[in-house]
Structure formats: C-alpha cells, structure tokens
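Q: Please look closely at the salt bridges in this structure. Then go on to its hollow spaces, and finish with one sheet and one helix.

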Amino acid sequence: MNLLRPAFTLAVASALLAATSAFAQSTFATPDDSSIPTQPKSVRSLDLDSIDKTADPCTDFYQYACGNWVKDNPIPGDQTRWMRSFSTVGEHNRYLLWQELDAAAKAPKTPLEKKYGDYYGACMDTSLIEQKGLTPLSPALSRIASLSDAKKLSTLMGELLSAGSPAPLFSFSVGQDEKDSSKQIAETFQDGLSLPDRDYYLVDSEHFKTIREEYVAHVTKMFTLAGDTPEKAATEAATVLRIETALAKGSTSRTDLREPQNRYHIYTVAQLEEITPNFAWPVYWKAIGIRHFDSLNVATPEFFKTVNQLIATEPVDAWKAYFRWHTIHSLATNLPKSFFDENFAFFGKTLAGQAEPTPRWKQCTSGTDQALGEAVGQDWVKENFPPQAKESMDKLVAALEKSLGDDIRTLPWMTEPTRKAAEEKLNLIRNKIGYPEKWRDYSALTIHRDDLIGNINRTSIFSRNYELDKLGKPVDEKEWGMTPPTVNAYYDPSMNDINFPAGILQPPFFDFKADPAVNFGGIGVVIGHEMTHGFDDQGSKYDGHGNLREWQTADDRKAFTERTDCEVAEYSGFEASPAHDDQPAQNLNGKLTLGENTADNGGLRIAYLALLDTLASEGKTIDDKIDGYTEAQRYFLSFGQVWCQNQTDKSARQSALVDPHSPGRWRTNGSVQNFDEFGKAFGCKKGQPMYPEHSCRVW
C-alpha cells in the first residue's frame with residue numbers, strides 16, 4: 001500500500017498484520033521446538049462474563065464493558081498488546097493459515113501450494129539459516145564495501161534494489177496523483193530511520209537519551225557480531241546515529257503529514273535534480289527499471305534537501321556504515337541466532353516491553369502471508385469465508401450507507417451545496433468485501449526451499465516491479481491493499497473505497513447467527529468507521545472521484561474545523577500511559593489521532609441509526625431485552641468489547657507517538673461520551689462523565 005497515502009484503517013495492526021512487525025522481534029526456534037501450534041479458543045460476539053458489574057457504566061463504560069476481561073487476560077509473553085477482538089481473531093486466523101502452509105510445505109497439491117509451501121519451509125529451516133551465517137548478505141555487503149564516492153550513492157542504491165536488497169534513505173514508488181486520481185505517477189518520500197519515530201532522535205529528555213544510548217549499544221553489538229572489532233563497531237554505530245539524527249531533523253512530523261497538501265509537491269525531474277545535485281537520479285531510475293517520466297510528487301522536499309547536504313558532508317566510510325547497518329538490521333530475524341536474539345533484545349524488549357520472542361511458526365506464517373498474500377489468500381478463503389458471510393455483509397453495508405446518507409441530510413452545520421457534494425461522494429464509494437475479484441499472478445516469482453534470503457530478495461523485486469509497472473497505466477479499481485486473512489479494514493481516499501478482508505468477518509466482529517444489536521455494535525461500527533473516514537479531517541479533502549479538492553464551502557469548512565478542534569482538545573486530554581518511576585504521564589496526541597477518532601465517533605452514530613431501521617423492519621424496538629439487557633445496551637456493549645485490551649507500558653508510550661489510533665479505553669469512552677443515545681440507554685444523569693453537558697460531534 002502506498003506510503004504517501006496510508007489507507008485509513010480500523011486498527012494500526014491486526015494480530016496478523018502486527019506479526020509482520022513482530023516478525024522483526026521474534027524468537028529463533030527450530031521447527032521441532034516446544035511451541036507446537038494449538039487451536040486458539042473461539043471468542044463470543046458478546047461476552048456478558050467480561051462485564052465488571054462493580055463499575056458504573058455512566059462513569060467509566062470501558063471498565064464496565066471490559067473490566068473482567070482485562071483482569072482475566074494478561075498479555076501473552078510473545079505480545080506487546082493483547083486485544084479481545086483483533087488479537088484473538090488474528091491468532092485464530094494465523095493458526096488456520098499455518099495449517100494451510102504446513103500442509104503445503106509437506107505435501108503440496110498444486111504449483112501454487114508448492115510455491116508458498118517452499119517459502120514457509122525455507123523460513124522454518126533454522127538449521128540452514130545457522131549454517132549459512134552472513135553468506136546470503138555477501139553480495140549486498142560487497143556492493144556497499146566497494147562504494148568509493150558518496151556521490152555514487154545513486155549507483156549503490158540502484159544496484160541494491162535491483163538485486164532485491166534493502167536500500168534505505170528514501171522510498172520511491174508509483175501511486176495515484178492526489179489531484180487526478182485517474183493518473184498513476186512517480187513519487188518519492190522520506191525514509192531511512194531505524195527507531196520508530198523522529199522524536200526518538202530529537203526529543204531532549206532523559207527517556208529518549210537513554211533509548212538513544214541503548215540503540216547505539218545495540219548497533220555496536222550487531223556490527224561486532226558481523227565481524228568488526230569492538231572499537232570499529234562503536235565508531236560505526238555512532239555514525240549511524242549521527243546520519244539518522246540528521247535525517248530525522250529533515251523529516252516532516254507524522255502530525256504534519258496528516259495534511260494532504262503537506263505531502264503533495266509536483267516537481268519536474270529538472271527541479272528535483274536542482275535541489276539534489278549530489279544524487280544522480282537518472283542512474284538510480286535506470287537501475288530500478290522504471291519507465292521515463294517528466295514529473296513526480298516529491299512528497300517531502302525539505303527532506304531531500306537534507307539528503308543532498310548529507311551526501312556532500314558525510315565521508316564515504318560513514319555511508320558504508322549506514323548502508324551496512326540497514327542491510328543487517330532489515331534481515332536480522334532471518335540471520336543466525338546471535339543476530340536474532342540481539343535484535344529482539346533491543347527492538348522487542350527494550351523498545352516495546354515484549355517479554356519473550358514470538359514462536360518461529362508464527363513469524364513464518366505471517367511472513368509468508370506478507371510475501372505471497374494473494375497466493376495464500378485464495379486458498380484460505382475457500383475454506384474460511386462462506387458465501388453467506390459475504391451476502392450478509394452486503395446487506396449490512398447497504399444499511400450503513402442509508403444511515404450515513406440520512407445523517408448527512410440532517411446535519412445542522414452543513415449548507416446545501418456541501419450537503420449535495422457529500423451525498424455525491426457517498427454514492428460513489430466502492431465496496432470491496434472479502435477478497436479480490438481477480439487474484440495476482442505469481443508465476444514469474446521463483447521460490448527455492450533452501451534459500452530464505454534469496455526468496456525475500458526475489459519477492460522484493462517482484463513486488464517492486466509490480467508497483468513500478470503501474471506508471472502511466474490506468475488505475476486498477478479492484479486492487480486490494482490487505483491480504484484476505486487480515487483482521488482489519490480500510491478506506492482509501494484516492495480510490496474512494498472501503499475494504500473489508502475476509503479475516504475480520506467473524507466473531508466477535510460479525511456473526512450472522514447473533515442478534516442485530518450485537519452485529520451492528522461490532523462489524524456495523526467497523527463499516528461506519530471506514531465510511532466516516534471518507535469525511536474525516538483528511539478524507540473530507542478528497543472528492544467522490546478521489547481527487548484532492550475542496551468541496552465544502554468556506555463557511556462549512558470553518559464549521560467542520562471547529563468540530564474537529566473539539567475532538568482534538570478532548571482526546572489530547574486522555575492519558576495513554578500514567579506517570580511512573582522517572583517518566584511523566586503521556587497523553588494522546590489529539591491531532592495525530594483525529595481521523596481515527598472522528599471515524600470512531602461517526603461509525604458509532606451511523607451504525608446505531610442503521611440498527612434502529614433494522615429493528616423497526618423486524619417489528620422490534622431498541623428497548624427489547626435479551627439476557628437482561630436492552631438492544632441499545634447490547635449494541636454499546638458489543639462495541640465496547642471490541643476494544644478490550646491490555647498493553648505494555650513501553651508499547652503504549654510508543655503507540656502514543658506513532659499510532660494514529662487511540663488505545664481501546666479511549667476509543668470506547670471517547671466515542672460513547674460524545675453520543676447522547678448511550679447515556680439514555682444506561683439511564684445516566686446529564687453531567688456524568690459518559691453523559692456530559694457538552695460533547696463533540698462532527699458527523
């Protein structure tokens with residue numbers, strides 16, 4: 001998925017997607033180790049036993065809905081965050097996917113099974129990984145060692161990428177033109193950091209100073225493991241930090257990148273060469289094999305000016321250290337145990353508070369899904385996504401579209417010209433459910449059972465060529481950005497479509513046997529969440545055809561901004577991590593999380609409206625009771641229990657800096673306290689925390 005326009009997702013990472021980051025932090029284990037996969041427990045759509053009845057729902061609804069679950073479900077050792085919904089469903093999906101991969105590795109029945117079975121099998125062969133040592137990295141390391149002039153970085157990066165090796169510093173890709181979504185253009189974007197965010201390099205606090213010291217110590221150990229003397233390794237590590245710190249200073253913050261105009265700057269090739277005379281772009285482009293183009297989106301121009309300056313000032317040996325580090329770091333989980341363990345010690349334990357590494361079978365399952373997602377996915381959906389699930393989702397999406405349309409028509413702050421444009425955009429949203437209509441062809445990709453690093457490199461080349469080949473071609477409106485087993489969903493503003501992979505369409509999100517209130521509180525809010533993304537602070541700047549264009553009147557945009565500012569202030573007051581030891585409390589960044597918070601609030605409202613319509617059509621009311629709870633209460637409980645979670649403090653602090661999503665407590669409480677129907681459903685008194693006198697509402 002294009003990095004310049006990250007699709008607006010329901011969760012920063014599902015359990016399955018999170019495994020791709022955990023893949024860089026997980027255990028080094030042999031195939032016959034003690035962590036043999038077992039069938040995870042199923043999760044009920046609504047679990048009344050999770051409710052903490054000692055809590056007052058009008059004071060802290062999250063504690064009421066999730067209190068017993070939080071108490072009874074500590075974080076597993078191989079996780080940094082454990083959620084009742086995403087984690088448990090993700091583990092279930094990963095287990096089913098493992099069964100498919102394990103069978104394919106042992107006895108493939110088709111050429112496609114052999115391909116992904118061999119990829120998985122190569123990943124699981126840790127004895128061969130140990131035996132090969134750093135030999136698979138030799139071609140890349142030799143290219144780096146031969147660098148003779150910093151101004152030849154374009155040659156080095158092009159050669160690395162053409163061989164499938166990582167080439168950090170910046171990213172280069174092809175994506176839709178923000179202002180003409182029918183066109184696919186070249187674009188380049190800031191990159192090149194190893195730590196989670198620029199703040200880790202720039203914030204002058206004891207906490208971040210300590211992390212930087214530990215990072216340098218980690219890089220030193222990795223260079224030492226690669227054969228350098230301790231003295232040389234320490235010098236190289238300091239160099240890596242120096243270059244990455246300079247890149248961080250030149251980078252645009254995550255919060256500022258939320259403004260689409262801040263990442264859209266069309267340059268001619270000549271203009272790009274003018275601000276970066278020290279980098280030979282034609283050499284780089286020829287090496288990676290992209291067709292001719294005359295202009296491109298230079299998303300972050302100041303960053304590329306920084307790169308140009310660094311090429312002029314950093315000696316060639318510094319660049320050798322930087323690229324050598326990133327080559328080793330990017331593949332550390334697929335190197336011998338000593339590299340693997342040291343990588344986990346810093347990125348897993350130190351940064352995220354993960355107690356123990358993830359079992360190898362989990363890493364390899366997730367890694368194969370990441371590399372060959374539509375190869376694995378087409379067989380996975382045959383077994384795990386029945387036709388009736390898709391049919392039920394079609395009906396739910398239609399119900400939510402109607403309720404969002406009703407909401408738009410009755411918004412008090414919106415004038416008629418803007419209302420008409422909003423309705424037009426809603427009518428143009430495309431719905432993609434379950435899996436792609438056409439599967440990607442992997443016949444040109446070669447996979448070998450005894451060559452894990454080679455498989456990773458060839459997959460990288462295959463994926464890059466697939467993306468670069470889009471330059472100048474019509475946009476494929478049916479393409480997906482997530483694999484079918486993924487427990488997540490997303491809205492793409494340039495496509496103006498909502499996407500629900502098969503992986504999320506199961507309990508507790510969706511169960512076609514459950515009563516309407518439970519389904520609307522689960523998958524219904526998910527659908528509403530993604531629809532609302534088309535009208536949040538970012539999505540509202542794209543029209544129905546996916547073009548970056550103002551379609552609100554000036555007065556309406558002012559009224560809209562006043563309402564989003566209310567959410568920014570509200571969520572900025574929520575605590576992501578309490579004060580402890582020598583660290584102060586850390587609050588959420590209301591601007592960074594604004595889009596997701598707006599989608600949570602809007603999704604909760606329009607799913608409730610759709611529930612009312614559905615109940616009325618069935619001759620029922622919102623006050624009917626099941627198991628002692630009204631349909632309204634069951635709706636809100638189902639919603640709240642999606643977000644039950646436990647998280648390590650280190651992970652929570654990291655998330656507050658890099659994650660555009662609020663943690664579960666505030667996704668729940670922040671949304672219900674902004675929706676009066678919640679207070680009415682639970683008999684709250686006006687002025688109580690979950691039923692305040694004044695609340696925020698955008699949609």
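A: What follows takes the salt bridges pair by pair, then the other parts in turn.

The model is predicted, so local features need pLDDT of at least 70 and side-chain atom pairs count only at pLDDT 80 or more, while totals for chains, interfaces and linings use all residues. Residues are numbered from 1 along each chain as its sequence is written, and side-chain values use heavy atoms, with hydrogens and water left out.

Side chains of opposite charge can pair when their charged atoms come close. A salt bridge here is a side-chain nitrogen of Lys or Arg within 4 Å of a carboxyl oxygen of Asp or Glu. By this rule the structure has 47 salt bridges.

Start with Lys209 and Glu206, whose side chains form a salt bridge at 3.9 Å, N to O. Both residues belong to helix α9 (residues 206-225) and are three residues apart, about one turn of the helix. Helices (DSSP runs of H or I, at least four residues) and strands (runs of E, at least two) are numbered from the N terminus. Are these two residues buried or exposed? Buried means under 20% relative accessible area, exposed means over 50%, and partly exposed lies in between, with a 1.4 Å probe and protein chains only. Lys209 has a relative accessibility of 32%, so it counts as partly exposed. Glu206 has 54%, so it is exposed.

A second pair of this kind is Lys680 and Glu677, with a salt bridge of 3.2 Å, N to O. Because they are three residues apart in helix α28 (residues 676-681), about one helical turn separates them. Lys680 is exposed, with a relative accessible area of 52%, whereas Glu677, at 25%, is partly exposed. Salt bridges can also share partners: Lys402, Asp406, Arg409, Glu423 and Asp613 are joined into one network in this way.

Another salt bridge connects Lys541 to Glu259, with the closest N and O atoms 2.5 Å apart. This pair links distant parts of the chain, 282 residues apart: Lys541 is in the loop between α22 (516-533) and α23 (554-572), and Glu259 is in the loop between α11 (254-257) and β5 (266-268). Lys541 has a relative accessible area of 21% and is partly exposed; Glu259, at 25%, is also partly exposed.

Next come the hollow spaces. They are found on a 1 Å grid over the protein atoms alone: in a cavity a 1.4 Å probe fits but cannot get out, a pocket is an open set with protein on both sides within 12 Å along at least five of seven lines, and lining residues have an atom within 4 Å of a point. Grid points are joined across faces, edges and corners, and a volume is the space filled by probe spheres set on the points.

The second largest pocket holds about 630 Å³. It is lined by 24 residues, and Pro40, Lys41, Asn73, Trp82 and Thr88 are the closest to its centre. The elements giving two or more residues to this lining are α2 (61-72), α3 (86-106) and α17 (360-371). Of these, α2 gives the most, with three residues.

There are six cavities of 30 Å³ or more, and the largest has a volume of about 110 Å³. Of its 14 lining residues, Leu128, Ile129, Lys132, Leu452 and Ile453 are the closest to the centre. α5 (126-132) and α21 (452-468) each supply at least two residues of this lining, and α5 gives the most, with three.

Now the sheet. Two strands pair if DSSP finds at least two bridges between them. Four strands make an open sheet with mixed pairing, in the order β1-β8-β9-β7. Its edge strands, each paired on one side only, are β1 (8-9) and β7 (430-434). β1 pairs with β8 (residues 490-492) in the antiparallel sense, over two bridges. One partner of β1 residue Thr9 is found in β8: Tyr490.

Last is helix α7 (residues 153-162). Seven of its 10 residues are buried, so the helix is largely enclosed by the rest of the structure. The buried residues are Leu153, Ser154, Leu156, Met157, Gly158, Leu160 and Leu161. They pack (heavy atoms within 4.5 Å) against several elements, among them α6 (138-145), β3 (170-177) and α21. After α7 comes Gly164, with a positive phi near 85°.
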